[in-house]
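User: Could you walk me through this structure and show me how each label is earned?

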Amino acid sequence: MADRRSRRAPGLLLGRALACTVSAAVLGASGFTWYEYHALNDGLTKSGALNGLKKGAPPHLDNSVNLLLIGLDSRKDMDGNDLPSQVVSEELHAGSSSDIGGYNTNTLMVLHIPANGGKVTALSIPRDDYVQTVGADGRMHKIKEAYDIAKSRAEAKLGGKGLSKAQLERQSREAGRAATLATVQQFLGIPIDHFAEVNLIGFYDIAKALEPIQVCLNHAVSDPIVARTATHEGGGTGLKLPAGISSLNAADALSFVRQRHNLPGGDLDRTHRQQAFISSVEYKLKQQGIFGDLGKLQSLFDVVKKDVVIDDSWNILDFAQQAPNLTGGNVEFNTLPITGFKTINGEDVNTVDPDLIKRIVRQLTGHDPAPAGSAAPSSAPSSAGPSAAAESAGSSPERLSGTVDVFNGSSVARAAGTESKALTALGLTEGRIGTATTRPKATTVTYGSGAKAAAEAVAARYGTTATPLGSTAAGHVTVTLGANYTAPGGAAPSASGGPDGPGQSSDSLPMQGPAVKAGGIPCVN
């Protein structure tokens, strides 16, 4: 176990979606009484931010539920007061300032819960995806910034109305929630039925109630702290864990889900850490019969009341009838794909193909696929400001060009064909498919002249770095799947949708790295 006392570096904390997922799972599987339900429901913070989005939302084809989990990177309480500095720096290891992180949504995860109670599909949206925002300022931004921008604009508008600090905080946060919900709904092309938001302290409080929590790593990790200086932003969590299974306390859990340095996939690997951590918690809840400890169960209820915000139309008692799937191993986590990386207005962003995202999401949730020629959200008009032209240049869907050759050096049967199909869906031309002549430990991506941009986008899918190679043909990208390659999970559905309900298996869809499956303690980078 890592030494908590050795860590003092600030960092952006992810994974607060755990609080929402665990809370729903506990409610569904604990058999709590009518009185206990109302005691919990009456103490929850409710939001009306979703109400304005229902008109004009994409239609539902059945009675399935789409739930958005929002992890808010805020070091303030519900009334806008700073969290105690000692808690932030010594318990959360999240820096010394309550302004760090602002109100960015560093976790955005949609849970699609089928009407028939089948497999739950969880889709993570990488926080740096560069998208058209709705309800913020209408311009292109990282998707995580929609909340903070809308909240700041609302504060400026409400500032002269004589509101108390707490009233101003609560009303401006409603604007932030509404902008996030609208942006996600437009980006994915499906209706958002309910949402749950949890802040920084919420993750720690729930992890504290659950500790120790087991996680698994494919490789040993060492993430030394780098001090912040005038020329370096600093970073690192101080986390040091061996390969295999480790038992974490609450502070170590925070480091596990927020590490992004010294990982092959950086921020994208951190998203997989979140998914794996939630899966591990779900597994623990099931194995321990939802703790078998009424004291811990009650303490978890108390945390939910204090730290979680839900929409005001969410009937938790009805939802609880479907929640046991969250702890029954019937959940598959995937990360929606990016097309590459870019620097826009001095910021590093993920480029995405909005049409491809909509097709993937609609197929997985049983909605009709997006038409092949459907238009992407329009970019900001040139009158939006001096940076609008630069933003517009990065706003259109970037289809990859070039030819991709895929060779299987892993132990997964037919993996080369599967990956070739996924990569051609991104716009690449299918090249050679076959068995590799070597057996690399990790997947490699090489490229010939003129194929650097495509290779970097492909490499991002596998959490590796693209390397130029003189022997690779011009315009070609070569992928050699290594021993660390993991096949996407789940069997292809039957014509009627199969036991997992309507929609398509993720096997044949291009995702950002392998799926993380619940029902155990999954190993990740």
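User: Thanks! To start, where is the place of Asn262?

Analyst: Happy to help, and please keep in mind that this is a predicted model. Asn262 sits in the loop between H7 and H8. Its backbone is worth a look: phi of Asn262 is near 60 degrees, a positive value in a residue other than glycine.

User: Which other residue has a positive phi although it is not a glycine?

Analyst: Asn345 does, with phi of about 55 degrees. Asn345 lies in the loop between strand S14 (340-344) and strand S15 (347-351).

User: What makes Asn345 partly exposed?

Analyst: Its relative accessible area is 46%. Buried needs under 20% and exposed needs over 50%. The value for Asn345 falls between those limits, so Asn345 counts as partly exposed.

User: What makes the link between Cys216 and Cys523 a disulfide?

Analyst: The two sulfur atoms are 1.8 Å apart, and the cut-off is within 2.5 Å, so the pair qualifies. A search of the whole structure finds 1 disulfide. Cys216 belongs to strand S8 and Cys523 to strand S22, 307 residues apart, which is a link between distant parts of the chain.

User: Why is the disulfide of Cys216 and Cys523 given a hand?

Analyst: The torsion about the S-S bond is about 65 degrees, so this disulfide is right-handed.

User: Which words, buried or partly exposed, fit Cys216 and Cys523?

Analyst: Cys216 has a relative accessible area of 5%, and since buried means under 20%, Cys216 is buried. Cys523 comes to 39%. That lies between 20% and 50%, so Cys523 is partly exposed.

User: What is the order of the open sheet that holds S8 and S22?

Analyst: The sheet has 3 strands in the order S11-S8-S22, with mixed pairing. Strand S11 (244-248) and strand S22 (523-524) are the edge strands: each has a single partner strand, so one side of each has no neighbour in the sheet.

User: How do you know that S8 and S11 pair, and in which sense do they run?

Analyst: Pairing needs at least two bridges, and 5 bridges join S8 (residues 213-217) to S11, so the two strands pair. They run antiparallel. One position to look at is Val215, whose bridge partner in S11 is Ser246. Leading into S8 there is a cis peptide bond between Glu211 and Pro212, with omega of about 0 degrees. Pro212 is in the loop between helix H6 (200-210) and S8.

User: Which helix lies across S8 and S22?

Analyst: Helix H8 (residues 267-287) does, running at about 135 degrees to S8.

User: How do you know that the span of H8 agrees with its 21 residues?

Analyst: At 1.5 Å a residue, H8 should span 30 Å, and its end C-alpha atoms are 31 Å apart, which agrees. H8 is also mostly covered, with 17 of its 21 residues buried.

User: What makes S17 and S19 edge strands?

Analyst: They belong to an open sheet of 5 strands in the order S17-S16-S20-S18-S19, with mixed pairing. Strand S17 (429-435) and strand S19 (466-468) each have a single partner strand, so each has one side without a neighbour in the sheet. Neighbouring strands of this sheet are turned by 20 degrees against each other on average, direction ignored. Within the sheet, S16 (residues 403-408) and S20 (residues 476-481) pair in the parallel sense over 6 bridges, and Val406 stands opposite Val479 in S20. Helix H14 (residues 415-424) packs on the sheet, touching S16, S17 and S20.

User: Why is the aromatic pair of Tyr103 and Tyr147 called stacked?

Analyst: The count comes to 2 aromatic pairs. For Tyr103 and Tyr147, the planes are 5 degrees apart, and under 30 degrees counts as stacked, so the label follows. The centres are 6.5 Å apart. Tyr103 is buried, and so is Tyr147.

User: What makes the pair of Phe256 and Phe277 tilted?

Analyst: Its planes make 45 degrees, which is neither under 30 nor over 60, so this pair is tilted. The centres are 6.3 Å apart. Phe256 is in helix H7 (residues 250-258) and Phe277 in helix H8, 21 residues apart. Both Phe256 and Phe277 are buried.

Technical notes: Residues are numbered from 1 along each chain as its sequence is written. This is a predicted model: local features need pLDDT of at least 70, side-chain atom pairs count only at pLDDT 80 or more; totals for chains, interfaces and linings use all residues. Side-chain values use heavy atoms; hydrogens and water are left out. Helices (H or I, at least four residues) and strands (E, at least two) are DSSP runs, numbered from the N terminus. Contact means heavy atoms within 4.5 Å. Axes are lines fitted to C-alpha atoms, for helices over the stretch in contact, and angles run from 0 to 180 degrees between N-to-C directions. The expected span of a helix is 1.5 Å times one less than its number of residues. Buried means under 20% relative accessible area, exposed over 50%, partly exposed in between (1.4 Å probe, protein chains only). Rings of Phe, Tyr and Trp (its six-membered ring) pair if their centres lie within 6.5 Å; planes under 30 degrees apart count as stacked, over 60 as edge-to-face and the rest as tilted.
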